[in-house]
Amino acid sequence: MIIAQISDLHLRTDGQLLKGKVDTMAALEAAIEHLNALSPRPDLVLATGDLVNKAHVQDYQIMRREFDRIKIPVFVIPGNHDDRDMMRRNFENLGYLPKNGAFLHYTLEDHPLRLIALDTKREDHDGGEMCMDRLEWLEETLSAQPDRPTLIFMHHPPFKSGIGFMDKRPFVNADKLETIIRRNSQIVGIVCGHMHRNISVAWGGTIACVAPSLVFQMTMDFTTGSSSSFMLEPAACPVFLWNEDNGLIAHCSLIGDYGPPNSFVVDPL
Ligand SMILES: [Fe+2]
Ligand SMILES: [Fe+2]
């Protein structure tokens with residue numbers, strides 16, 4: 001099974017550049033081209049939140065139209081920049097988002113690897129949260145199939161990145177979430193966004209990965225007290241391979257034109 005991830009698209013469709021620098025529509029087009037060219041083709045694409053920069057209906061509509069050009073099924077979860085109701089309305093006819101309830105969490109059951117989508121959005125600030133209701137839903141969902149290999153995907157990482165300005169808002173109930181994750185050995189990994197960098201952490205007895213953004217990357221600045229900044233480093237999409245024998249293998253595929261594969265030849269003397 002192959003899973004591709006796109007994250008933190010921060011789409012704006014008003015013709016303005018994001019932060020005055022990034023053409024987010026062009027970034028989305030490049031990502032679509034990249035995904036459609038992957039060979040072998042992934043089984044699904046996880047779009048892990050911050051789909052739009054400011055929640056406007058038009059942005060979601062254009063995003064939906066563009067996602068429909070991806071030749072792989074795409075599954076969305078909300079980030080702190082997203083609006084649940086707009087997402088629900090825009091993607092509801094695809095059938096996987098819950099029609100009712102406060103949160104956009106769900107499971108995907110049709111693949112060898114079971115997928116659980118978590119909704120970590122808070123209303124009052126940009127940080128992540130698993131409230132008691134969501135923790136309870138996760139526990140019940142995991143206990144329903146304790147022996148089935150499972151991948152969790154969520155927007156906010158429940159751990160620190162080491163980049164001070166990204167770690168200012170602790171994930172609410174990260175400890176309670178970790179306890180649940182640790183108790184469920186069927187979990188093969190956790191896939192997140194939000195940090196706009198490729199990061200891997202051993203957490204909760206499993207591997208947790210953060211995707212780069214499609215539009216800009218947070219500066220890898222480990223200095224205490226440094227102010228927030230971003231870099232125009234290449235966009236990328238993580239690609240996860242999974243099978244029973246090897247478990248989860250995480251790759252990261254840079255988006256851009258780096259030429260065709262080159263064959264190794266003997267260097268001339
Ligand atoms: Fe983001
Ligand atoms: Fe975010």
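This is a short dialogue on how to read a predicted model with two iron ions.

Reader: Where do I start with the metals? Which residues are the protein donors of the iron ion (ligand 1)?

Author: Start with the atoms that touch the metal. For the iron ion (ligand 1), the protein donors are Asp-8 (OD), His-10 (NE2), Asp-50 (OD) and His-196 (NE2). They lie 2.1 to 2.3 Å from the ion. Along the sequence, these donor residues are spaced D-x1-H-x39-D-x145-H.

Reader: Why is the arrangement around the iron ion (ligand 1) called irregular?

Author: Look at the angles. The four donor atoms subtend 87 to 174 degrees, which makes the arrangement irregular. A tetrahedral site would need all angles between 85 and 135 degrees.

Reader: Which parts of the chain do Asp-8 and Asp-50 tie together?

Author: Find the loops. Asp-8 is in the loop between β1 (2–6) and α1, and Asp-50 is in the loop between β2 (44–48) and α2 (57–67). The pair therefore ties together parts 42 residues apart in sequence.

Reader: Are Asp-8 and Asp-50 buried or exposed?

Author: Use the relative accessible area. Under 20% counts as buried. Asp-8 has 0%, so Asp-8 is buried. Asp-50 has 2%, so Asp-50 is buried too.

Reader: Now the other ion. What coordinates the iron ion (ligand 2)?

Author: Its donors are Asp-50 (OD), Asn-80 (OD1), His-155 (NE2) and His-194 (ND1), at 2.1 to 2.2 Å. Their spacing along the chain is D-x29-N-x74-H-x38-H. The angles among the four donor atoms run from 88 to 155 degrees, and the site is irregular.

Reader: Where are Asn-80 and His-155 in the chain?

Author: Asn-80 sits in the loop between β3 (74–77) and α3 (84–91). His-155 sits in the loop between β6 (150–153) and α5. The two are 75 residues apart, and the pair links distant parts of the chain. Asn-80 is buried, at 10% relative accessible area. His-155 is buried, at 0%.

Reader: Which residue bridges the two iron ions?

Author: Compare the donor lists. Asp-50 coordinates both ions, which are 3.6 Å apart.

Reader: What does Gly-193 contact in that part of the fold?

Author: Skip sequence neighbours and see what remains. Beyond four places in sequence, the contacts of Gly-193 include Asp-8 and His-155, along with Ser-7, Thr-48 and Pro-157. Gly-193 lies in the loop between β7 (187–192) and β8 (199–203). At 0% relative accessibility, Gly-193 counts as buried.

Reader: How do I read a nonpolar core?

Author: In soluble globular proteins, nonpolar side chains tend to be buried together. Here the largest nonpolar core has 82 residues, and Phe-67 and Phe-91 have the most contacts inside it. Helix α1 (residues 24–37) gives the largest share, five residues. Beyond its sequence neighbours, Phe-91 contacts residues including Leu-51, Tyr-60, Met-63 and Phe-67.

Reader: How many residues of α3 are buried?

Author: Six of its eight, so α3 is mostly covered. Phe-91 is one of the buried residues, and Met-86 and Met-87 are among them. The buried residues of α3 pack against α2, β3 and α4.

Reader: Last one. How do I describe two packed helices?

Author: Two packed helices are described by the angle between their axes and the distance between the axes. Helix α4 (residues 132–144) and helix α5 (residues 174–183) pack at about 0 degrees, with axes 11 Å apart. They are therefore roughly parallel to each other. At the meeting place, α4 offers residues including Leu-135 and Leu-138, and α5 residues including Leu-177 and Ile-180.

Technical notes: Residues are numbered from 1 along each chain as its sequence is written. Chains are lettered from A and ligands numbered from 1 in the order in which they are written. This is a predicted model: local features need pLDDT of at least 70, side-chain atom pairs count only at pLDDT 80 or more; totals for chains, interfaces and linings use all residues. Side-chain values use heavy atoms; hydrogens and water are left out. A nonpolar core is a set of buried Ala, Val, Leu, Ile, Met, Phe, Trp, Tyr and Cys residues joined through side-chain atoms within 4.5 Å. Buried means under 20% relative accessible area, exposed over 50%, partly exposed in between (1.4 Å probe, protein chains only). Helices (H or I, at least four residues) and strands (E, at least two) are DSSP runs, numbered from the N terminus. Contact means heavy atoms within 4.5 Å. Donors are N, O and S atoms within 2.8 Å of the metal (3.2 Å for Na, K and Ca); water is not among the atoms, so sites may look incomplete. Four donors count as tetrahedral if all angles lie between 85 and 135 degrees; four count as square planar and six as octahedral if opposite donors are over 155 degrees apart and all others between 65 and 115; anything else is irregular. Axes are lines fitted to C-alpha atoms, for helices over the stretch in contact, and angles run from 0 to 180 degrees between N-to-C directions. Angles under 35 degrees count as roughly parallel, over 145 as roughly antiparallel, 65 to 115 as roughly perpendicular and the rest as oblique.
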